[in-house]
Amino acid sequence: MPLDLLNVSTQVRQMGELLAVRRGDQSRRLELLNAMLAAYTDRWQDLADLAEQVKERVAVPTGPLDERLPAPDALKTYTALATDGAEIDPDRHGGSGDFFLINVGRVRIPYGQPHREVELRSVSSLGFTEEDLFIVDPRDPRRQVPMRDRHLDALRTVEEVKALADLAESESATGAGPAVALVDGTLLFSVLEERPRDFLRTRFYSDYVAQLERMRAARVPVAAYASRSRGVDLVNLFRAVCGGTPLACDVCAGAHACALRGLTDAHILGRDLRQWQRTGVFRVRSNVHDPFFGVHRAYFFLLHTGEEIARVEVPEWVARDFTMLSNVHSVLVDQIGKGFGYPAVLARADDRAVISLSDRTVLDTLVRQELARRGVLARPSAKLHRKQVRTV
Amino acid sequence: MSALNGVHTDQPAQDGEVIEASTTEFLAQAQQLDGAPPFGSFVQVATDDGLTILGVVAHVQTSGIDPGARAIMRGHDDVRDDLIYQENPDLPLVLRTTYRALVVGFTEGGSIYQFLPPRPARLHYSVTQCSAAAVKTFTDTGLDYLGALLAGSEVPTDELLAANIRVTASMRGEPQAFLQHAGKELAQLLHTDYGRLTAILKRCVLAQGTYA
Amino acid sequence: MTRLGLLVAGSLSEGLAARLDPTVPIEDVRLGKFVKIVGQKYEYFCLVTDVQLDSANAEVLRDPPGDPDAVDVFLRHVLSGTTTYAIVKLKPELMLANTSADVDFEEADLVPRPARSIPPHFSNVSEATTADFERIFGRDDGRNHFQIGQPIDMDVPVCLDLRRFVERSNGVFGKSGTGKSFLTRLILCGVIKAQAAVNLIFDMHSEYGWSAKNENGVEVKGLSQLFGGRVAVYTLDMESSRGRGIKPAGEIKIALRDLSVSDITLLQDELKLHRTAVEAATLCEDKLGDDWAAQLLDMDGDALAEFAVKNAGNMNSLQALRSKLRLIDRLPFVERSLRRSTLDELIGQLERGHHVVLEFGRQRNLLAYILAANLITRRLHELWVKKTETYWATKDEADRPRPLMITIEEAHKFLNADAARQTTFGTIARELRKFYVTLLVVDQRPSGIDAEVLSQIGTRITCQLNDERDIDAIFTGVSGGAHLRTVLATLDSREQALLLGHAVPMPMMIRTRKYDTSFYAAVATDNAEIIAFRSRRYEEIFGNE
């Protein structure tokens, strides 16, 4: 109610006008870039060399830029694995004490295998011990960081791939046909560091990579799927090409701003990509992630779903294995079809992961009851209480 | 598979679980997708304290488990009907069949009563189809329960009455005698609405399209 | 006890209405059926006076399931008895204490008496049982109760209470051909067997005394065949009687001097006499004494004129009178004077308690019938009045006169409005049994009978009647008759009758008892062999005179 709608609506209109202008501007700039793209299509090696020298995170081409691969033949039989997660943050204001909840949805759907069962499960775990609630620097126990906000996110991400690795291992043990493991988003998740020590990244990335390793050992390809990708890794590479200074750039020819500004990889690569086709793979060169990921360095390709361009990231051991990569492509095509635009198995996993408001209330009640049984009175902070019971 | 109009077959009793319950009805989820007992048939829920609640299946529905999730068309090319289920093996886990049963009576301590029980069914307890013997015993007591079916809300009452009468007639030994008896009972209940009475009676056709 | 339904509506004044149970076929509920309603304190005995179809819902009738296909057949079955049903109209006649009720009853409640209240809603209505009939109508015990027939749909006896029957004058009515004479025979047999009264039957068609043929041509027995010596047959026409193989006990002749003015009055219509002629007869009787008729007849023209002038009589009337008197004079059984009166013998028989049938042989014309009947009855009446007065004086049981019941046919001739006032029959009818003489009138035109007389007719046994006025006449002087009109109108043309009146506790529609060999066996004082023997002996003794 308190929104100043009059004010906001004016601003929304202004935004609309700007969008229109931007769109028009965008097409113009893409035209400008055509030439440059055409020039570099085959000079991918040069681009790759350049990429190694740039500090920022960029994409590293592994083949001609205009590589376009159609969807392979559909697999008659395969198993799709997916996980997704959600969390409940420890509520400082809540009276229920400190704990967090991570809910992971696990999905296994065997296709073309009628004798096998489908798994749709949620696994919820509560974090409440000291070790759960605080991340301790192993080298200096005095340094502790509470497991909240982005760190909890990171923990959740790790739990997701851990569950995925569990699925992959059991799947592999059955000896059934090909399987593909999917997660939503990116393999290259971020963990903010607190200077001067690097213990957070160590903790999370190591755990994460360990799970990827399990999947590699199980020979189950894993991929991260990002719908309507806004990745700019390739754009950043091109920025490096022109130095990022519009004045000096041939393309921009002294324009006000760099033509690449506001464009995404999808803009550049996606224009002649047809439905179900994918681009070639690009390695992601990230100074943050590379030290930890090793053979699990992330590669990506763009995939046209028909309605949008998605970005699919795979570890190197998948990117370099043509069969695995092919299976990932084929499975994604099938899954997106079944999921009406988004991989069905991921959607199922998301369904199982989501924590609804009523779920939160139930949990809260459970906790409160337990505390009450122990004689601990749980009361929300004044601020939260005021939020809960609004007075005038 | 089941034959016309809920005529009694040799299908094993379908199980389900109560997921909502009130004094006048209960909602059960069928064990298997599309596995609800036939419309108009008798079902029962036993509780631990000797009370068994009897209901009549009044409405069956299949939809997504998530309240917000809607089924959309999945057929394409030659893939139709059961092939769709083969192609999407996760469907049975995200769909469910539920059925509403109107409470028509209960048994307690060996006695049968055809009015509402003192307590509703218990959640998560099993729902089973009533055997032919149980149906016979219940309907031998009387046909007062037809009034409860007539009073059901948001169910197709006329169809329900006809379906229940058909199912019960075929489960009892002498269908024509029951048909007449039930018909007369209905005539009493609906004596002010002749048109409705005849509409229901016309639907009480036994197998082979006969009434006797 | 077959339950028929439940009482649902009605009133004491207009009759009760019961809803028929669905299991009872509507077609089985007949008019006149005897039913019982069990109330909380009393049982009510009723007759069915109407059956109606009704429905709970008018729509059914607007769109009835009339097709022959399976659906409509089913619908009809379902609707019958629920949405569509029958209402039976009942007239409560008698009430009786319900002994199974936990109530203290007075003496009066334990016998059936006219219904003065009605049972409550939803009382059970059921068919009356044999036991109910016996409670109400009594059992045929050969004494006070005589079985006259059975209800239309049950095999149970319906009995007349003979004591009450002979307390009043009674009537057997019905259009011609409905079997009145058989009914009359039945009743007479009952009265004779029970010795409830001594009977004199004016047998116009010579059918009661000895055998006659029924409508199927089968011979049936007469009263004297059944009761032997207790019944004597006299005749006005010996030749005719003998010709039919009968041996009457005597031939009756009437003396002209016994003729009185009241006879003339009664015979006005038959003789086609003007009123003035009757006045002339009065004048003659006055002036000429007992033998006036003979004297008048013997007067020639001059003597007549002279008489007329002398006595201020009307010549024409006198002449008319005289010419009609000649008709009477010429009747074979009329004599100027009698040496020996067989009539006295006849009367003597009656006094001794024997029953008499007076045959008319060929004299079955109305003139003869009315004349003889009236004359004889007048004598009997006078005699009985005297006896009664003696009895009242002495109060000696031995002096009590035997009750006399006189059977006359064509009663409306004797009892029409005019005649009733003037004749003995009217007097007898009005006097009840004060003087121990009653009538049994047999007639097909009850509307022709004077209303006041009708109202004194105690018990009416009615066969089929069509004429509205005749039907009205039956119910004159009877309370609550309106309901029964329908019942009366639906009687079969033979073998069915409606009993109404003093000798039955409540009106009842019956199939009349058959007048056949089993009946003979039931009533005959002796078995058939002895009867046959006696009739042979009779012939031997008196021969073929």
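**Chat about the sheet in chain C and its neighbours**

Modeller: Leu200(C) stands opposite Val356(C) in β18(C). Bear in mind that this is a predicted model.

Colleague: Okay, so how do β11 and β18 of chain C pair, and over how many bridges?

Modeller: In the parallel sense, over four bridges. β11(C) covers residues 198-203 and β18(C) covers 355-359.

Colleague: And what's the strand order of the sheet in chain C?

Modeller: There are twelve strands in an open sheet, ordered β9-β8-β23-β22-β21-β10-β20-β19-β11-β18-β14-β15, and the pairing is mixed.

Colleague: Which strands are at the edges?

Modeller: β9 (158-161) and β15 (250-251) of chain C, each of which pairs on one side only.

Colleague: What lies across the sheet? I'm looking at α5(C).

Modeller: α5(C) lies across quite a list of chain C strands, including β8, β9, β10, β11 and β18, and runs at about 155° to β11(C). Helix α15 (residues 366-394) of chain C packs on the sheet too, touching β11, β19 and β20 of chain C. The direction of α15(C) makes about 165° with that of β19(C).

Colleague: Back to α5(C) for a second. How many of its residues are buried?

Modeller: 13 of the 15, so "mostly covered" is a fair description of α5(C), taking 20 or more other C-beta atoms within 10 Å as buried. The helix spans residues 180-194 and reaches 21 Å from first C-alpha to last, close to the 21 Å expected at 1.5 Å a residue.

Colleague: What happens just after α5(C)?

Modeller: Gln195(C) comes there, with a positive phi of about 55°.

Colleague: Now α15(C) and α18(C): what's the angle between them?

Modeller: About 45°, with the axes 9 Å apart. That makes α15(C) and α18(C) oblique to each other.

Colleague: Which residues meet there?

Modeller: From α15(C) you have Asn374(C), Thr377(C), Arg378(C) and His381(C). They meet Thr424(C), Phe425(C) and Ile428(C) in α18(C). By class, that contact has two nonpolar residues, four polar and one charged.

Colleague: Zooming out, how many helices and strands does chain C have?

Modeller: 23 helices and 23 strands. Of the 545 residues in chain C, 44% count as buried. Among contacts between residues at least 6 apart in sequence, 70% join residues at least 24 apart.

Colleague: Switching to chain B. How many of its residues are in contact with chain C?

Modeller: 15 residues of chain B, in contact with 13 of chain C. α6 (175-189) and α7 (194-202) of chain B each supply at least two residues of that side. The chain B side has five nonpolar, eight polar and two charged residues.

Colleague: What about chain B with chain A?

Modeller: There, eight residues of chain B are in contact with ten of chain A. The chain B side of that one has four nonpolar, two polar and two charged residues.

Colleague: Last one: where does Gln29(B) lie?

Modeller: In strand β2 (residues 25-30) of chain B. Leaving out residues up to four places away in sequence, Gln29(B) touches Gly16(B), Glu17(B), Ile19(B), Arg96(B) and Thr98(B). The C-alpha atoms of Gln29(B) and Arg100(B) are separated by 9.0 Å, though the two residues are 71 apart along the chain.

Colleague: Why does Gln29(B) count as partly exposed?

Modeller: Because Gln29(B) has 18 C-beta neighbours inside 10 Å, and a residue needs 20 or more to be buried and 12 or fewer to be exposed.

Methods:
Residues numbered from 1 in each chain as written. Chains lettered and ligands numbered in written order. Predicted model: local features only at pLDDT ≥ 70, side-chain atom pairs only at ≥ 80, totals over all residues. Contact = placed C-beta atoms within 7 Å. Nonpolar A, V, L, I, M, F, W, Y, C, P; charged D, E, K, R; others polar. Expected span 1.5 Å × (residues − 1). Pairing = 2+ DSSP bridges. Axes fitted to C-alpha atoms, helices over the stretch in contact; angles between N-to-C directions. Parallel < 35°, antiparallel > 145°, perpendicular 65-115°, else oblique.
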